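Me: Please look closely at one part of this structure and describe it in detail. Then place that part in the context of the whole chain.

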Amino acid sequence: MSQTQVTVPDLGGIEEVEVIEISISVGDTVEAEQEIIVLESDKATMEVPAPMAGTVAAILVSVGDKVSSGTPVVEMESAVEQRTAEPDTKKTTTDVVVEAAQEKVSAEPEVAPDSEVEVCVPDLGGADAVEVIELSLKVGDAVEAEDSLLVLESDKATMEIPAPSSGKLLAYSVSVGDKVSEGDVIARMVGQQNASKPAAEAKQDNAPPANTEPVPPTTISKPIESIPAAPTSSGKVHAGPAVRQLGRELGVDLTLVSGTGPRNRILKSDVQAFVKNRLQQPSSGAQTMGVVGSSEDFSRFGAIENVPLNKIKQVTAKNMVQSWSTIPQVTQFDSADITQLEAYRKGDMATMLPEGVKVSPLAFVLKACVLALQKFPQFNSSLNADGSELIFKQFYNLGIAVETPDGLLVPVIKEADKKGIIDFAQESAELAGKARDKKLPMDGMMGGTFTISSLGGIGGTAFTPIVSAPQVAILGVSKASMQPVWNGNSFEPRLMLPISLSYDHRVIDGAEAARFARYICQLLSDTRHMLL
Ligand code: COA
């Protein structure tokens with residue numbers, strides 16, 4: 001084990017840069033090339049990588065410190081001797097870009113006013129290709145000298161390419177995501193000719209930009225220290241490559257992240273805090289269930305009142321979202337002629353009912369449903385967890401949607417196949433009463449195999465009820481009304497009951513659904529069928 005001092009690499013003539021991030025802690029084990037310190041000048045972000053694998057023995061600088069070439073920043077323990085012995089042999093892309101830029105400063109050409117200028121990728125210090133990650137302006141924008149035109153990113157550095165002179169941006173020759181190499185034309189602008197090659201000259205070459213003679217870098221035509229800090233507003237992202245990488249990995253839009261680093265630069269910790277915050281946000285019951293409401297401030301438009309949702313409504317919301325988003329559902333509409341049924345219900349039947357028992361059309365619908373479920377057993381089934389099997393239930397438990405002051409509850413009539421019309425009338429009234437009085441036990445709402453939602457007492461011609469997972473179908477009942485029905489010779493006034501059958505299309509075909517709905521209508525149209 002030997003102690004190695006990691007120093008700031010050659011900064012290509014820049015006197016000082018700032019330590020903006022320390023990515024390691026004392027005692028950390030680091031890999032060779034792992035980022036340990038991030039430095040920043042006004043136009044470039046530089047990651048200082050670990051020269052070898054080892055352990056961090058000491059950190060010699062703090063965030064905010066100004067450092068120069070050769071400043072020791074970290075002490076590492078490793079068996080392998082490294083970088084300090086030969087600090088100049090391996091330069092980062094950024095080092096070379098910065099150096100090239102500095103050379104450029106001393107050899108700035110004569111300036112010719114108002115010529116068309118091609119802006120090219122500067123010397124990349126041997127890097128093959130770098131990615132365009134941001135186009136900073138719009139075509140046609142007026143440009144000040146040194147305004148950032150676009151941002152390039154390599155593995156280790158983010159580079160802003162500034163305008164070589166003031167003028168107007170005519171066109172970008174690249175798009176975000178393009179890989180560019182040294183000498184590639186990246187933009188055209190009209191302005192004072194500076195370090196770039198005039199467009200006319202490029203045309204005379206009659207060769208594609210990438211193949212032209214090495215073009216002098218157009219970047220950083222002033223000493224770096226004098227260039228103003230990169231803007232951080234207008235949706236521009238001020239972050240180093242490692243942070244951008246982290247953002248991409250986590251799917252974070254960095255324009256939404258507030259930077260807490262120098263000049264509002266986004267740090268890794270900002271991205272982590274952003275993600276943590278987003279994960280913690282859905283803290284209310286409804287939100288964790290995937291129910292997404294509005295974050296809009298409606299009080300801008302008028303008076304509002306916020307009323308918390310009770311538990312029943314939150315659970316209903318969760319179940320609705322779950323069922324709606326997981327079941328591909330279709331609704332089949334039909335209508336039953338219940339003229340005869342209603343005549344019977346209100347006539348002979350009413351005289352024969354036990355004291356206190358009231359029978360609504362719902363009791364007949366329940367009876368028709370259980371008979372239909374027995375004839376079409378796939379409507380009384382559930383898909384297994386991986387969707388590879390259908391579980392046929394040999395018991396028939398009918399859920400009834402009941403409106404209560406606290407929200408919707410669905411008590412279950414168990415062993416429906418063993419019950420008659422009067423049983424259904426009594427039990428549904430009793431369960432609805434319990435639900436409304438909050439006296440329904442938890443198991444009174446469990447085990448349903450099929451559900452009926454009746455809005456017939458209220459009105460409406462049809463609706464599309466949501467299948468309640470893991471069930472595969474639900475029957476909606478709307479209000480019966482007198483309709484002119486063609487009997488082959490003439491129109492007859494008939495009392496028609498609209499039904500809406502929503503079903504899980506993974507389990508049930510449309511034709512089966514049509515048959516199931518038709519069968520229910522037949523049973524309701526002639527109550528004698530229910531006796532068979
Ligand atoms: N067509 C015409 N009239 C109907 C009818 C229909 N389909 N269904 C019921 N009626 C009549 C009844 O006969 C009764 O009339 P009456 O007072 O003259 O006897 C009246 O409408 C009221 O009936 P209701 O009290 O609703 O009893 P019900 O047995 O039909 O329904 C519940 C019981 C519990 C289902 C019902 O009260 C309820 O809560 N429905 C709402 C369900 C719901 O919210 N579903 C939406 C889920 S998303």
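Reply: The account below starts with the nonpolar core, moves to the ligand site, and ends with the sheets and the chain as a whole.

The model is predicted. Its largest nonpolar core has 55 residues. Within this core, Phe-450, Ile-452, Leu-475 and Leu-524 touch the most other members. Both helices and strands contribute: α9 (361-375), α10 (421-436) and α11 (510-525) each supply at least two residues, as do β21 (398-400), β25 (450-454), β26 (473-477) and β28 (491-504). The largest contribution is that of α9, with 11 residues.

Phe-450 shows how these pieces come together. With its neighbours within four places in sequence left aside, Phe-450 is in contact with Cys-369 and Leu-373, and also with Phe-379, Asn-397, Leu-398 and Gly-399. Further along the sequence, the contacts of Phe-450 are Gln-471, Ala-473, Ile-474, Leu-475, Leu-501 and Phe-516. One of these, Leu-475, is itself among the four residues that touch the most other core members.

Ser-428 gives a view from helix α10, where this residue is found. Its relative accessibility is 12%, under the 20% limit, so Ser-428 counts as buried. The side chain of Ser-428 reaches the backbone oxygen of Ala-425 at 3.3 Å. Residues up to four places away in sequence not counted, Ser-428 touches Leu-362, Leu-366, Ile-400 and Ile-413.

Val-472 lies in the loop between β25 and β26. A place in a loop does not settle the matter of cover: is Val-472 buried or exposed? Val-472 counts as buried, because its relative accessibility is 1%. Beyond four places in sequence, its contacts include Gln-378, Phe-379, Ser-381 and Ser-382, then Val-467, and then Ser-502, Tyr-503, Asp-504, Val-507 and Ile-508. Phe-379 is thus listed for Val-472 and also for Phe-450. Gln-378 is 94 residues from Val-472 in sequence, yet the two C-alpha atoms are 8.2 Å apart.

Some of the elements that build the core also line the ligand site. α9, α10 and β25, together with β22 (402-404), each supply at least two residues of the shell around the ligand. There are 21 residues around the ligand, and those that come nearest are Ser-360, Arg-436, Ser-453, Ser-478 and Ala-480.

Which polar atoms approach the ligand? On the side-chain side, an N or O atom of Arg-436 is 2.8 Å from an oxygen atom of the ligand. On the backbone side, a polar atom of Ser-454 is 3.0 Å from a ligand nitrogen. A polar backbone atom of Ala-480 likewise lies 2.9 Å from a nitrogen atom of the ligand. The ligand taken alone exposes 940 Å², of which the protein buries 68%.

The sheets at low residue numbers come next. One open sheet has eight strands in the order β7-β2-β4-β5-β13-β12-β10-β15, with antiparallel pairing. Its edge strands are β7 (66-67) and β15 (179-180), each pairing on one side only. β2, residues 17-22, is joined by four bridges to β4, residues 35-40, and by two bridges to β7. Both pairs run antiparallel. Glu-18 has a bridge partner on each of these strands: Glu-40 in β4 and Lys-66 in β7. Val-19 stands opposite Leu-39 in β4. β2 is mostly covered, as five of its six residues are buried.

A second open sheet consists of four strands in the order β1-β8-β6-β3, also antiparallel. β1 (2-7) and β3 (29-30) are its edges; each has a single partner strand, so one side of each is left without a neighbour in the sheet. β3 is joined by two bridges to β6, residues 54-59, in an antiparallel arrangement. Val-30 stands opposite Gly-54 in β6.

For the chain as a whole, the secondary structure amounts to 11 helices and 28 strands. The chain has 532 residues, 45% of which count as buried. Among contacts with a separation of 6 or more, 65% are between residues 24 or more positions apart. The chain exposes about 26500 Å², and carbon and sulfur atoms supply 52% of that area.

Notes:
Residues are numbered from 1 along each chain as its sequence is written. This is a predicted model: local features need pLDDT of at least 70, side-chain atom pairs count only at pLDDT 80 or more; totals for chains, interfaces and linings use all residues. Side-chain values use heavy atoms; hydrogens and water are left out. A nonpolar core is a set of buried Ala, Val, Leu, Ile, Met, Phe, Trp, Tyr and Cys residues joined through side-chain atoms within 4.5 Å. Buried means under 20% relative accessible area, exposed over 50%, partly exposed in between (1.4 Å probe, protein chains only). Contact means heavy atoms within 4.5 Å. Accessible areas come from the Shrake-Rupley method with a 1.4 Å probe; for residues, only the protein chains shown count as cover. Two strands pair if DSSP finds at least two bridges between them. A residue is near a molecule or strand if one of its heavy atoms lies within 4 Å of it. A polar contact is a pair of N or O atoms within 3.5 Å; within protein, one must be able to donate a hydrogen and the other to accept it, and residues adjacent in sequence count only if both atoms are side-chain atoms.
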